[in-house]
Amino acid sequence: QCPTEYQERMGRNMDDYEDFDERQNSYPSEKTLAKLHKQVIYSVQRHRRTQVQWQILLEQAFYLEDVAKNESSATRQFVHTFHSQEPENKIIQYFYTPTVEWYWECLLRPWFYRVLAVVLATFSVIVVWSECTFFSTKPVLSLFAVFIQLAEKTYNYIYIEMACFLTIFFLSICVYSTVFRIRVFNYYYLASHHQTDAYSLLFSGMLFCRLTPPLCLNFLGLTHMDATISHKKTQPTAYTSIMGSMRVLSFIADGFYIYYPMLVVILCIATYFSLGTRCLNLLGFQQFMGDSEMTSDLIDEGKELIRREKRKRQRQEEGENRRREWKERYGNRDDSTRSRAVHTDQKESSFSETSANRSLSKYTRSNGRTERDRIELLQDAEPLDFNADSVNDDPLESDSGR
């Protein structure tokens, strides 16, 4: 389960942690191996997930830097510091030109986000007001109930569908986007790019199944489609006919079900003033706050990390560009040089074989020692010592040979 690169990385500089006394070493049990196997799987998955999240943060930081730099561009063309590693679609690349990208990223997108923020803030105010007043049936104070009742009078079914869809869609976004960002002890949370483990998926699925029925019931209460709220003998909805009604428990239907949603006002106030973050900071759990020394240190450290990764990517791109230019400029020349060198080596080898054959034929004797003479020439024997007392005819038989 442990990748090879991790094994090599862990194997370095581990002499200080190794126990060289072999007598104290004992073989691990099956339970210890199972525990180690579990820890290795979890550590490898956490490491990969952290790497993916770090790459996502880097891309976001580089993108924001590019937007800040291109805002003052005179050419009005969006220039990226680093090219995207993923291949772009040709159709999108044809229509989404650098000029169009500059107008969208530097001019239109900020205004689009401002308009979207105003629309969502209006929806949030409507939801909070309706949650606090949906129990009032005469007069009807819930704005969602007013919209639905106006559509009922004109029998405009398409309008009812659109109003219900937008209402429950906004409620679902508010609920699920918040809940799925909660990290339970930094263990159960959803990670992008398919990096969520099985336990987090099961936990999120269980949470999703538990949140959906109360969310649908709350929507029926906001629109006065629940008979418990409207106090009318109308045809029950499909949800109420399957899941039942709150009338079974009177103290919940008449008290808790009506007044508990009003606590959303306290939640909105606590979120606006960051009361939860401030309380955790006072208790000793360090949080990211705008007016603390720890936050400024983290910001400086983050800037340095971004600069380091930026220099690293720039060096990688420069190296790739140099290799590409070298290959384009000297690629054909290297191929011709390589083929010429191979041809020269073949000529030299054939010439050396020919000269060797000639030398062998020159020094070959007719007295039956042809093979021994060839061995002598190939082994590069030492020359004869003419200062010796006696010289034999056969140098291999003499004592003053090799």
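A search of the whole structure, which is a predicted model, turns up two cavities of 30 Å³ or more. The second largest cavity has a volume of about 40 Å³. Its lining is made by V179, F180, I182, Y188, Y189, L190, F203, S204 and L207. Helix α7 gives the largest share of that lining, with three residues. Sorted by class, the lining of the second largest cavity holds eight nonpolar residues, one polar residue and no charged ones.

Open spaces are worth a visit too. The largest pocket has a volume of about 1,400 Å³. Among the 31 residues that line this pocket, C174, V175, T178, V264 and L267 are the closest to its centre. Several helices take part: α4, α6 (157-179), α7 (198-222), α11 (264-272) and α12 (275-282) each supply at least two residues of the lining. Helix α6 provides the largest share, six residues. As for chemistry, the lining of the largest pocket divides into 22 nonpolar, eight polar and one charged.

Now let us look at how some of the helices pack. Two packed helices are described by the angle between their axes and the distance between the axes. Here are three pairs to compare with the structure on view.

| Helix pair | Angle between axes | Distance between axes |
|---|---|---|
| α2 and α4 | about 80 degrees | 10 Å |
| α6 and α7 | roughly 145 degrees | within 11 Å |
| α4 and α11 | roughly 145 degrees | within 9 Å |

Take α2 and α4 to begin with. Helix α2 covers residues 30-70 and helix α4 covers residues 98-133, and the two pack at an angle of about 80 degrees. That angle makes α2 roughly perpendicular to α4. On the α2 side the contact is made by Y63, V67 and N70, while α4 brings W102, E105, C106 and R109. By class, this contact has four nonpolar, one polar and two charged residues.

The next pair, α6 and α7, crosses at roughly 145 degrees, and the crossing is right-handed. From α6, the residues in contact are C164, T167, I168, L171, S172, V175, Y176 and V179; from α7, they are L207, F208, L211, T212, L215, C216, F219 and L222. The contact of α6 with α7 counts 13 nonpolar and three polar residues, with no charged ones. Some of these names may sound familiar: V175 is among the residues closest to the centre of the largest pocket, and V179 and L207 help line the second largest cavity.

Helices α4 and α11 form the third pair, with axes that come within 9 Å. V128, E131 and C132 of α4 meet V264, V265 and C268 of α11. Five nonpolar residues and one charged residue make up this contact, and no polar ones. V264 is also one of the residues closest to the centre of the largest pocket.

Finally, a stop at the backbone. Most residues other than glycine have a negative phi, and most peptide bonds are trans. Which way does the phi of H193 point, positive or negative? H193 has a positive phi of about 60 degrees, although it is not a glycine. H194 likewise has a positive phi of about 60 degrees and is not a glycine. Where can you find them? H193 lies in the loop between α6 and α7, and H194 lies in the loop between α6 and α7 as well.

Note on methods
Residues are numbered from 1 along each chain as its sequence is written. This is a predicted model: local features need pLDDT of at least 70, side-chain atom pairs count only at pLDDT 80 or more; totals for chains, interfaces and linings use all residues. Side-chain values use heavy atoms; hydrogens and water are left out. Axes are lines fitted to C-alpha atoms, for helices over the stretch in contact, and angles run from 0 to 180 degrees between N-to-C directions. Helices (H or I, at least four residues) and strands (E, at least two) are DSSP runs, numbered from the N terminus. Angles under 35 degrees count as roughly parallel, over 145 as roughly antiparallel, 65 to 115 as roughly perpendicular and the rest as oblique. Contact means heavy atoms within 4.5 Å. Ala, Val, Leu, Ile, Met, Phe, Trp, Tyr, Cys and Pro count as nonpolar, Asp, Glu, Lys and Arg as charged, and the others, Gly among them, as polar. On a 1 Å grid over the protein atoms alone, a cavity is a set of points where a 1.4 Å probe fits but cannot get out, and a pocket is an open set with protein on both sides within 12 Å along at least five of seven lines; lining residues have an atom within 4 Å of a point. Grid points are joined across faces, edges and corners, and a volume is the space filled by probe spheres set on the points. A crossing is left-handed if the near helix is turned anticlockwise from the far one by less than a right angle, and right-handed if clockwise.
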